[in-house]
Amino acid sequence: MISDRSKLENPYEDHLATIIDYRDLTSDTRYYKLKFVDPEIQKHTGDYRPGQFAMFSIPGVGEAPFSISSTPTRPAFLEFGIRKVGSFTDALFKKKEGDTVYIRGPYGNGFDMERMEGKDIVIVSGGLGAVPLRSVLLYLEDKRELYNNVFFLNGARTPDDMLFKEDFLAMHAREIIETHLTVDKDPTGEWNHNVGVVTTLFEKINGRVDNDNAYALICGPPVMYKFVIKELLEMDFSKKNILMTLERRMKCGQGHCGHCAIHGVYTCLDGPVFNFWDYERMVELI
Amino acid sequence: MKTYKLMKEDFPQFLSLLQEKGNLYGPVKSKNHYSFEKIDDLSKLTFNYTRTLMGLKKFVTPPRYKVKHFDKSGSEDIIPENETNIVIGAHPCDIHAMKILDKLFLGQIKDPYYKKRRENLVIVGHSCMPDENCLCTSTGTDMVSDGFDLFLTELQDFYLVWVGSSKGLFIIMSSEDLFSEKIDMCDIAEYTTWQENRQNSFKTTIPFHLMPDIIHLIYEKDELWNQFGEKCLSCGTCSLVCPTCNCFNVEDKILINADEVVRERMLDSCTLPYYSVVAGDHDFRPDRTKRLKLYYTHKLKEYIGKWGQPACVGCGRCVTYCPVGINVKTVSNAFYEAIQCVREVKKI
């Protein structure tokens, strides 16, 4: 990964990466672990921030943006969680271990992790929103001593729909980050954690967050934001410290193709991480 | 800025000189419109025209072009070769549009495909007279002082040739006998008279300077936007002809041998239905009103925040070519009329 793309002769420069591992996370979402083929490029694998994304390219199919799910603190490989929803992911899901894709990036602002040092952090994700936030979680586990209280609230429809379920259950057991998991309903009858929408988890952290010195990081389906933000505002969170990461159609990743424009900003350059003030001033953000 | 005088009888020689320097393009009439075309026969050139169908963007972001080639051995970027393309006849609005595109594509992150095409391009501007669709006095783009290599102001018996770059000066230097630096007081008077006459020929003004604020304040008043949303055909013509619309799509094409792939970029438009659709078919702008809102806020308002000026150069192409009359003039006027309030507003 080459984070300062302006230094490249061709900022569209991409690099071949090999799928070194993959597994199904749910019936339609798959985990991919990749490594760059060129050892010189592989050396820079960790040159990104949590919350940034990469453009994948499959010749003959096209390009598509995906959130990075690994952490730069473990720079040996890149990880992604990818849902099969369109023509690009159809082609990607046909790829097996040892197959290759082109990757360029990282793109987007990502989360400013240094700025959050010494603060409380509340991470709230729903569904596919766990993918970009997993990067933050792993980062925080690796640099836990730099941060104050860290809470992770994650929701999914059912236990079978929870992405990275094993990872998060292990995270719950490790107790480096206080992890609370919930499902909307539990048809399996084997779920030992909370049942209810993600906002029902807030009572577990209520009164335990230093609101004046705390950040909230949210990612999930559009409908989730409204309810989660309401909870956070009731907890007196500062609006500038409520951070959310968003999705848009993108073709270039560098502010040229126009597709991700929202008012005067480009999601690929000025986002995908926005704060609550951005949400309030730009009516079409979510 | 160096300025020379070129006598009209020497103009054909000047054109031949340009042809020696590179591929010459210029305005040509074809059926019911004008367009910048490659000039092999100088008699086809015409300078008595108002606007071409597409501006200069076709030279730097062509409607469709290859960016990458893949085969079994790997991939290769398709950056154009070094060549000199000289376009003569660009009007001030066209040159302003190019300056706006330069800001976008040659900013901090430089687009290599645009950059090479831009470096290959020599712009020889030409003076113009407005028609009723020209809005450039409202957008402040009726005059141009940079962004060109040479600019010709056509007067009675001669051209004033303004030199805008060292490339332009190089062209002059290579045929010095055609150009004279002796510009006398009567020449200057002829120029200023022409300039005044041109300024007085503009028939249309729009309250352009108010648009950023008005659009901001009426943004959520959907009834104002719906009058246009209901009429819009989502055909994308406005974006195609707009000299600053630069949105592009990217598509892969598998060649017939099935071993090779070319990646192509093509002009896109935010008024087209799929523009904001993400994987899983979620559409952030499912109706025409929402898409037009993006077009016009981006064009008349948001670009100001990003680059300090609107992205409209008043060329009048949308006014001329939108089949249902949605353009910067009708939109700006409708919004301006909507705020004409019966309450007396005191000037503070």
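Axes are lines fitted to C-alpha atoms, for helices over the stretch in contact, and angles between their N-to-C directions run from 0 to 180 degrees. The legends below describe a predicted model.

**Figure 1. Packing of helix H8 of chain B against helix H13 of chain B.** Helix H8(B) covers residues 211-218 and helix H13(B) covers residues 328-338. Their axes are 11 Å apart and meet at an angle of about 65°. Angles of 65 to 115 degrees count as roughly perpendicular, and H8(B) and H13(B) are therefore described as roughly perpendicular to each other. The crossing of this pair is left-handed. From H8(B), the residues in contact are B:Met211, B:Ile214, B:Ile215 and B:Ile218. Facing them from H13(B) are B:Ser332, B:Phe335, B:Tyr336 and B:Ala338. Sorted by class, the contact of H8(B) with H13(B) holds seven nonpolar residues, one polar residue and no charged residues.

**Figure 2. Packing of helix H9 of chain B against H13(B).** Helix H9(B) spans residues 222-229, and its axis lies 11 Å from that of H13(B), at an angle of about 150°. Since angles over 145 degrees count as roughly antiparallel, H9(B) is roughly antiparallel to H13(B). H9(B) passes H13(B) in a right-handed crossing. H9(B) contributes B:Leu224, B:Gln227 and B:Phe228 to the contact, while H13(B) contributes B:Val331, B:Ala334, B:Phe335 and B:Ala338. Six of these residues are nonpolar, one is polar and none is charged. B:Phe335 and B:Ala338 of H13(B) take part here and also in the contact with H8(B).

**Figure 3. The contact between chain B and chain A.** Chain B gives 32 residues to the contact and chain A gives 27 residues. On the side of chain B that touches chain A, the elements giving two or more residues are helix H3 (92-105), strand S11 (248-254), strand S13 (277-278) and helix H11 (288-307). By class, this side of chain B has 17 nonpolar, eight polar and seven charged residues.

**Figure 4. Surroundings of B:Val261 in strand S12 of chain B.** Strand S12 of chain B runs over residues 261-267. Is B:Val261 buried or exposed? B:Val261 has 19 other C-beta atoms within 10 Å and is therefore partly exposed, as 20 or more would be needed for a buried residue. Leaving aside residues up to four places away in sequence, B:Val261 touches A:Pro59 and A:Gly60 in chain A. In chain B, B:Val261 touches B:Phe70, B:Asp252, B:Lys253, B:Ile254 and B:Leu255. From B:Val261 to B:Lys167 the C-alpha to C-alpha distance is 37 Å, with their positions 94 residues apart in sequence.

**Figure 5. B:Gln13 in helix H1 of chain B.** The helix covers residues 11-21. B:Gln13 is partly exposed, with 14 other C-beta atoms within 10 Å. B:Gln13 and B:Leu272 are 46 Å apart in space, C-alpha to C-alpha, and 259 residues apart in sequence.

**Figure 6. Cis peptide bonds at A:Pro106 and A:Pro272.** A:Gly105 and A:Pro106 are joined by a cis peptide bond with omega of about 5°. A:Pro106 belongs to strand S6 of chain A, residues 100-107. A cis peptide bond also joins A:Gly271 and A:Pro272, and omega is about 5° there. A:Pro272 sits in the loop between helix H6 (267-270) and strand S15 (273-275) of chain A.

**Figure 7. Positive phi at A:Phe164 and A:Asp236.** Phi of A:Phe164, a residue other than glycine, is near 50°. A:Phe164 lies in the loop between strand S8 (150-156) and helix H4 (165-174) of chain A. With 24 other C-beta atoms within 10 Å, A:Phe164 is buried. A:Asp236 is not a glycine and has a positive phi of about 65°. Its loop joins helix H5 (222-234) and strand S12 (242-245) of chain A. A:Asp236 counts as exposed, with 10 C-beta neighbours inside 10 Å.

**Figure 8. The fold of chain A as the setting for Figures 6 and 7.** Chain A has seven helices and 15 strands. Its C-alpha trace spans about 50 × 45 × 35 Å along the principal axes. The radius of gyration of chain A is 18 Å, which agrees with the value near 19 Å for a compact globule of 286 residues. Of these 286 residues, 51% count as buried. Among the contacts in chain A with a separation of 6 or more, 69% are between residues 24 or more positions apart.

Note on methods:
Residues are numbered from 1 along each chain as its sequence is written. Chains are lettered from A and ligands numbered from 1 in the order in which they are written. This is a predicted model: local features need pLDDT of at least 70, side-chain atom pairs count only at pLDDT 80 or more; totals for chains, interfaces and linings use all residues. Helices (H or I, at least four residues) and strands (E, at least two) are DSSP runs, numbered from the N terminus. The radius of gyration is taken over C-alpha atoms; the globule rule is 2.2 Å times the number of residues to the power 0.38. A residue is buried if 20 or more other C-beta atoms lie within 10 Å of its own, exposed if 12 or fewer, and partly exposed in between; C-beta atoms are placed from the backbone. Two residues are in contact if their C-beta atoms, placed from the backbone, lie within 7 Å. Angles under 35 degrees count as roughly parallel, over 145 as roughly antiparallel, 65 to 115 as roughly perpendicular and the rest as oblique. A crossing is left-handed if the near helix is turned anticlockwise from the far one by less than a right angle, and right-handed if clockwise. Ala, Val, Leu, Ile, Met, Phe, Trp, Tyr, Cys and Pro count as nonpolar, Asp, Glu, Lys and Arg as charged, and the others, Gly among them, as polar.
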